[in-house]
Amino acid sequence: SNVTVTVSPIPTSEPLVIWEDQSEFSFQYPESLKLNPHAEDTENYAHIELTSATHSGSLTVWTQDTKALDNEDWIKRDKIQGAIDTTLASMPAKKFLTGSEPKILTTIIIRNGYLYKIEANLSDVDYWSKIFDTVSATFKYQPASNQPEAETQPQMQSSANEEAIDEFEEVVE
């Protein structure tokens with residue numbers, strides 16, 4: 001008998017929820033997870049923690065200040081061993097494992113002078129590595145909401161066109 005295996009880029013069958021952060025990024029995560037945005041944290045721009053009622057471990061997404069110039073510089077400054085190249089939001093990033101019990105899986109990217117970090121506590125390695133993959137695969141940067149660049153241009157064009165049509169109609173009459 002033939003078995004067809006469909007590989008989905010999102011390694012979970014559970015419905016996903018979107019988190020849109022004020023630090024101009026968004027990601028998706030399984031709806032069974034509890035999200036804590038740690039509003040009490042005044043040190044970091046973002047400190048979003050995902051936990052599960054049934055799996056030990058967690059995943060945290062951070063946005064922090066950094067003095068590092070780029071990904072390589074950050075890896076050097078933090079003396080990280082064995083970092084590998086990856087991508088986050090289609091941009092070059094670094095991924096590495098630290099710790100032993102539990103291991104911590106981290107992807108970092110420096111963008112516009114900020115450090116964005118996705119960090120999974122792999123107490124339950126099978127479960128949290130899938131969540132890490134899901135969050136990483138769906139992580140996107142959002143344009144700042146006070147600059148709707150995509151919307152302003154077409155509106156300007158359409159109002160200009162209407163004026164041109166109005167003038168034309170006046171000329172015809």
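In this analysis, a residue is called buried under 20% relative accessible area, exposed over 50%, and partly exposed in between, with a 1.4 Å probe and protein chains only. The structure is a predicted model, in which local features need pLDDT of at least 70 and side-chain atom pairs count only at pLDDT 80 or more, whereas totals for chains, interfaces and linings use all residues. Residues are numbered from 1 along each chain as its sequence is written, and side-chain values use heavy atoms, with hydrogens and water left out. Helices (H or I, at least four residues) and strands (E, at least two) are DSSP runs, numbered from the N terminus.

The nonpolar interior was examined by way of cores, a nonpolar core being a set of buried Ala, Val, Leu, Ile, Met, Phe, Trp, Tyr and Cys residues joined through side-chain atoms within 4.5 Å. In soluble globular proteins, nonpolar side chains tend to be buried together. The largest core here comprises 25 residues, of which Phe25, Phe27, Leu50, Leu59, Val61, Val135 and Phe139 touch the most other members. At least two residues of this core come from each of strands S2, S4 (46-51), S5 (58-65), S8 (104-111) and S9 (114-121) and from helix H2 (125-138), and H2 gives the most, with 5 residues. When neighbours within four places in sequence are left aside, the contacts of Phe25 (contact meaning heavy atoms within 4.5 Å) include Trp19, Ile48, Val61, Tyr116, Phe139 and Tyr141. Apart from the largest core lies another, of 8 residues, among them Ala68, Trp74, Ile75 and Ile108.

Tyr29 belongs to strand S2 (residues 25-30) and, at a relative accessible area of 8%, is buried. Not counting residues up to four places away in sequence, Tyr29 touches Pro15, Leu16, Val17, Trp19, Leu35, Leu50 and Val135. Although 105 residues separate Tyr29 from Thr134 in sequence, the two are 6.6 Å apart in space, C-alpha to C-alpha.

Aromatic side chains were compared next, with rings of Phe, Tyr and Trp (its six-membered ring) taken to pair if their centres lie within 6.5 Å, and with planes under 30 degrees apart counted as stacked, over 60 as edge-to-face and the rest as tilted. The structure holds 10 aromatic pairs. In one of these, the ring centres of Tyr45 and Tyr114 lie 5.2 Å apart and the planes stand at 85 degrees, so the pair is edge-to-face. This pair links distant parts of the chain, 69 residues apart, with Tyr45 in the loop between strand S3 (34-36) and S4, and Tyr114 in strand S9. Tyr45 is partly exposed, with a relative accessible area of 39%, and Tyr114 likewise counts as partly exposed, at 32%. Elsewhere, ring pairs link Phe25, Phe27, Tyr29, Tyr116, Phe139 and Tyr141 into a cluster. Arg111 lies over the face of Tyr141, at 3.9 Å from the ring centre; the criterion for a charge over a ring is that NZ of Lys or CZ of Arg is within 6 Å of the ring centre and within 35 degrees of the ring normal.

Charged pairs were searched for over the whole structure, which yielded 3 salt bridges, each defined as a side-chain nitrogen of Lys or Arg within 4 Å of a carboxyl oxygen of Asp or Glu. The side chains of Glu72 and Lys94 form one of them, at 3.0 Å from N to O, and this pair joins distant parts of the chain, Glu72 being in helix H1 and Lys94 in strand S7 (residues 91-98), 22 residues apart. Glu72 is partly exposed, at a relative accessible area of 45%, whereas Lys94 is buried, at 8%. Lys94 also forms a salt bridge with Asp85, the closest N and O atoms being 2.6 Å apart, and Asp85 is exposed, with a relative accessible area of 60%. Salt bridges that share partners thus join Glu72, Asp85 and Lys94 into one network.

A further salt bridge connects Asp73 with Arg77, with 3.0 Å between the closest N and O atoms. Because Asp73 and Arg77 are 4 residues apart in helix H1, about one helical turn separates them. Asp73, in helix H1 (residues 71-77), is buried, with a relative accessible area of 17%, whereas Arg77 is partly exposed, at 46%. Beyond its neighbours within four places in sequence, Asp73 is in contact with Lys67 and Ala68.
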